[in-house]
Amino acid sequence: MSSRRNFLRKAGMAAGSLPFLHFSDPAFAARAAGWMDASGGRTELPADDEDFWSWVRECYTTSPNVINLNNGGVAPQPKVVQDAHIRYYQYCNEAPSYYMWQILDQGREPLREKLAGVCGCSPEEIAINRNSTEGLNTVIFGLDLKAGDEVVLTRQDYPNMINAWKQREKRDKVKLVWLDLPLPEDDEEKIVRLYVSAFTARTKVVHVTHLINWSGQILPVRKIAAEAKKRGIEVIADGAHTLAHMDFRIPDLGCDYFASSLHKWMSAPFGSGLLYIRKEKIRNVWALLSNTEPDGPDIRKFESLGTRSFASEMAIGAAVDFHEVIGSQRKEKRLRFLKDYWVNQVKDIPGISFLQSKPAHQSCAIATIAVAGKKPEEVAGELFSKHKIHTVAINWENIHGVRVTPNVYTSTRDLDKLVRAITAMKV
Ligand SMILES: Cc1ncc(COP(=O)(O)O)c(C=O)c1O
């Protein structure tokens, strides 16, 4: 029986008994099909169980005509998240100050708890905000640093954070110590040694990008943080790409500060994010926007954003629920499976090279490919114009290639098309 028919048969058990719940409650459908057990625990399924993943695909509303392989930029939301967002938005428009400030606002503390569950930390360490840029800029601008204090960062970090640090350099005379990461790098210890070689007695902060967005390389944050801790250096981790992509707990990274964008791998509404700060460090960071206690110990001081979209914020809860139906571990396995699925089929083609390190744990969904004799934008252009496959050309420092990022809704059939397109390219 085809994967799709199998899926419909299984999910139909749900639809048959309670048709109004058909697909609108992912947890219900997943339980009915045996993909989740009654207690909410997850049945472990292999990463290539196409029945389960075709059900996940059905939960999204992505284009049937364009294959979106730039999920590294921003991810679409499953229908259940879009519906929650629209529903909350419509409530707000019935009587904004009542629904926003008296009704929806009551969801913020339960949402904080939910997010803390995903992050493996205390709710008192999570601020809900709009994106990684906001979270990381809050820390970069909020730390007390004086002229001559050193900050270690790399040329491969994200531009918004590089620019924030440059602003501190210009304004406060903080000294920026630049590293140039020799990516791809298979030897994690070499990367750790590179960071350590830049540490001096004046180093106050190290800024580490958990997953380099240009190429997909995962950096050993835990090991770098351990070395930094020995020297009393604070650690900021840019987790824009890792939360809900890989299965880990933030406190296990050993960093003091971590921010992520929930519109990436959590598939939450566009413009949603979080900032984690280790409890005892919250006092060290000044609130970026005004607050009655800007140097206080309450993480909520980072949430005085003024009027913002309550509807999109509250719909984050639906995204977390959907993420948990899939399960962090199962999602990571599937994403790695999808990356390997296409990479293994094209890696030996002459003229094709990858900007990935070889050890499996050093990359997950994202892979960046270079085609000899072609500029990245030519390759991305050809993939789109001839095959309607959307990717992104990368030209940043030492990284030049086309980044390909599948997501949980990507089918192996989509990737077969990518493989055929790459194979047909004239090198
Ligand atoms: C490594 C990294 N950090 C930060 C960001 C910024 O994310 P946002 O635009 O959601 O603030 C991105 C965005 O792609 C990123 O890749």
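This tour proceeds through selections in the viewer, from the main core to the ligand and then to a separate sheet.

The model is predicted: local features need pLDDT of at least 70, side-chain atom pairs count only at pLDDT 80 or more, and totals for chains, interfaces and linings use all residues. Residues are numbered from 1 along each chain as its sequence is written, and side-chain values use heavy atoms, with hydrogens and water left out.

**The largest nonpolar core**

Begin with Trp55, Val56, Leu115, Tyr195 and Val206, which touch the most other members of the largest nonpolar core, a set of 84 residues. A nonpolar core is here a set of buried Ala, Val, Leu, Ile, Met, Phe, Trp, Tyr and Cys residues joined through side-chain atoms within 4.5 Å. Buried means under 20% relative accessible area, exposed over 50%, and partly exposed in between, with a 1.4 Å probe and protein chains only. Helix α13, residues 316-326, gives the most to this core, with seven residues. Helices (H or I, at least four residues) and strands (E, at least two) are DSSP runs numbered from the N terminus. Another core, of 24 residues, lies apart from the 84-residue one; Ile67, Val346, Phe354 and Leu415 are among its members.

**Helix α13**

Select residues 316-326 next. Nine of the eleven residues of α13 are buried, so the helix is largely enclosed by the rest of the structure. The buried positions in α13 are Ile316, Gly317, Ala318, Ala319, Val320, Phe322, His323, Val325 and Ile326. Just after α13, glycine 327 takes a positive phi of about 95°.

**Strand β3 and valine 152**

Move to β3, residues 150-154, and pick out valine 152 within the strand. Is this residue buried or exposed? Valine 152 counts as buried because its relative accessibility is 0%. The strand is mostly covered, with five of its five residues buried. Glu150, Val152 and Thr154 point one way from β3, while Val151 and Leu153 point the other way.

Display the surroundings of valine 152, where contact means heavy atoms within 4.5 Å. Not counting residues up to four places away in sequence, valine 152 touches Val177, Leu179, Tyr195, Ala198, Phe199, Thr203, Val205, Val206 and His207. Valine 152 and histidine 207 are 55 residues apart in sequence, yet their C-alpha atoms are 6.2 Å apart in space.

Then add β4, residues 175-179, which runs parallel to β3 and is joined to β3 by five bridges. Two strands pair if DSSP finds at least two bridges between them. Glutamate 150 has lysine 175 as its bridge partner in β4.

**Strands β5 and β6**

Select β5, residues 203-209, which is joined to β6 by five bridges in a parallel arrangement. Histidine 207 stands opposite isoleucine 236 in β6. Leaving aside neighbours within four places in sequence, valine 206 is in contact with residues including Val152, Tyr195, Ile224, Ile233, Val235 and Ile236.

In β6, residues 234-238, five of the five residues are buried. From this strand Glu234, Ile236 and Asp238 point one way, and Val235 and Ala237 the other way.

**Aspartate 256**

Go on to aspartate 256, in the loop between α11 (250-253) and β7 (257-261). Aspartate 256 is buried, with a relative accessible area of 0%. Which side chains make polar contacts with the side chain of aspartate 256? One is that of lysine 229, at 2.6 Å, and another is that of arginine 278, at 2.6 Å. A polar contact is a pair of N or O atoms within 3.5 Å; within protein, one must be able to donate a hydrogen and the other to accept it, and residues adjacent in sequence count only if both atoms are side-chain atoms.

**Around the ligand**

Centre the view on the ligand, which has 13 residues around it, each with a heavy atom within 4 Å. Thr133, Asp238, Ser261, His263 and Lys264 come nearest. A polar side-chain atom of lysine 264 lies 2.7 Å from a ligand oxygen atom. A ligand oxygen atom is also 3.3 Å from an N or O atom in the side chain of histidine 241, and one is 3.4 Å from such an atom in the side chain of asparagine 131.

**The four-stranded sheet**

Finish with the open antiparallel sheet of four strands, in the order β9-β10-β13-β12. β9 (352-354) and β12 (392-396) stand at the edges with a single partner strand each, so one side of each has no neighbour in the sheet. Five bridges join β12 to the antiparallel strand β13, residues 399-404. Tryptophan 396 has isoleucine 399 in β13 as its bridge partner.
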